[in-house]
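Me: I should like to go through how certain residues in this model are classified, and on what grounds. Please set each value against its criterion.

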Amino acid sequence: MPVLREPAVDIKLSQSPLMIIAQPIPVPASRMLLALVLGLTAAAANIIGGLFILHREWSRQYLKYFLALGAGFMLAAAILEILRESVELSGSRAYLLVLIGYFIVHFFEHTLAPHFHFGEETHVEHFVPQHAGISALLGLSIHTFFDGVAIASGFLVSPWLGGVIFLAIALHKIPEGFTVASLMLASGQSRRTALFASIWLGAATVAGVLLMGVLHSQVAYALPVSAGVTLYVAATDLVPEVNREPDARMALLVFSGVALMLILEKMFHG
């Protein structure tokens, strides 16, 4: 009786298109180390955003510019790179996983943090209910956790994809930290607690990277779920914030974000 040998592939599809069998895959230590370094960098951007609201070093408009550029870049990265790689990795199953990722963030944001806006400065004298700051922190923690999952999942596929995802995420990290610190202050929390909230968001990002370092064989699930999260953040969180600003420069920055993605793809991945 001949001996059947398994094909030398990392991820294979079973006979059923609804089932993915994840095989252990060798992961270069250098890739995971780079993912961790960039995860820490993204976390630092959350903290910097919190410091801005505490020290008032930048105007709110600069943060809006980050949002606009990040919105265009994230949309382009999600559709042109992350989604395509997800389908190559997981087959038609990827589309369902993308949808799951999209609605994971939708659920948490609309149950835990239903009334917050990215990059919004809420002055301390304009108080919101005390639980609102904690609710926003919990909702954003889910989002930032998947930021880390997305960065690590990208590097598990290729350094190029990991770098693109990191850049897309990094562009909205400062407004994210700014937002959560602002809401904590407006809900009556201390300045120290507001800074801790920004640090907590950064820690959630690093936790996402570390989890994928352990569960790297599940990248066939993690990458498409991360694609759905990225689409949600770009299209549902960031673009509406850009549309609230009656400024043609905001639209141009969104287009610039898309153009930046296309230029990088042409230069380094063409």
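**Grounds for the classifications**

Reply: In this predicted model, Phe103 counts as partly exposed, at 44% relative accessibility.

Me: Why is Phe103 called partly exposed?

Reply: Buried requires under 20% and exposed over 50%; Phe103 has 44% and therefore counts as partly exposed. Phe103 belongs to helix H3, residues 93–111. Together with Leu96, Leu99 and Ile100, Phe103 makes a nonpolar surface patch of about 360 Å².

Me: How do you know that Thr205 is buried?

Reply: The cut-off for buried is under 20% relative accessible area. Thr205 has 0%, so Thr205 is buried. Its place is in helix H6, residues 191–214. Beyond the neighbours within four places in sequence, Thr205 is in contact with residues including Gly39, Asn46, Phe145, Asp147 and Lys173.

Me: What makes the pairing of Thr205 and Lys173 a polar contact?

Reply: Such a contact needs a pair of N or O atoms within 3.5 Å, one able to donate a hydrogen and the other to accept it. The side chains of Thr205 and Lys173 are joined at 2.7 Å, which means that the distance criterion is met.

Me: Why is Ser158 called buried?

Reply: Since buried means under 20%, Ser158 is classed as buried because its relative accessibility is 16%. Ser158 is located in the loop between helix H4 (130–157) and helix H5 (159–186). A polar atom of the Ser158 side chain lies 3.1 Å from the backbone nitrogen of Leu161.

Conventions:
Residues are numbered from 1 along each chain as its sequence is written. This is a predicted model: local features need pLDDT of at least 70, side-chain atom pairs count only at pLDDT 80 or more; totals for chains, interfaces and linings use all residues. Side-chain values use heavy atoms; hydrogens and water are left out. Patches are made of residues with over 30% relative accessible area and no salt bridge: like charges are joined within 9 Å, nonpolar side chains (Val, Leu, Ile, Met, Phe, Trp, Tyr) within 5 Å. Accessible areas come from the Shrake-Rupley method with a 1.4 Å probe; for residues, only the protein chains shown count as cover. A salt bridge is a side-chain nitrogen of Lys or Arg within 4 Å of a carboxyl oxygen of Asp or Glu. Helices (H or I, at least four residues) and strands (E, at least two) are DSSP runs, numbered from the N terminus. Buried means under 20% relative accessible area, exposed over 50%, partly exposed in between (1.4 Å probe, protein chains only). Contact means heavy atoms within 4.5 Å.
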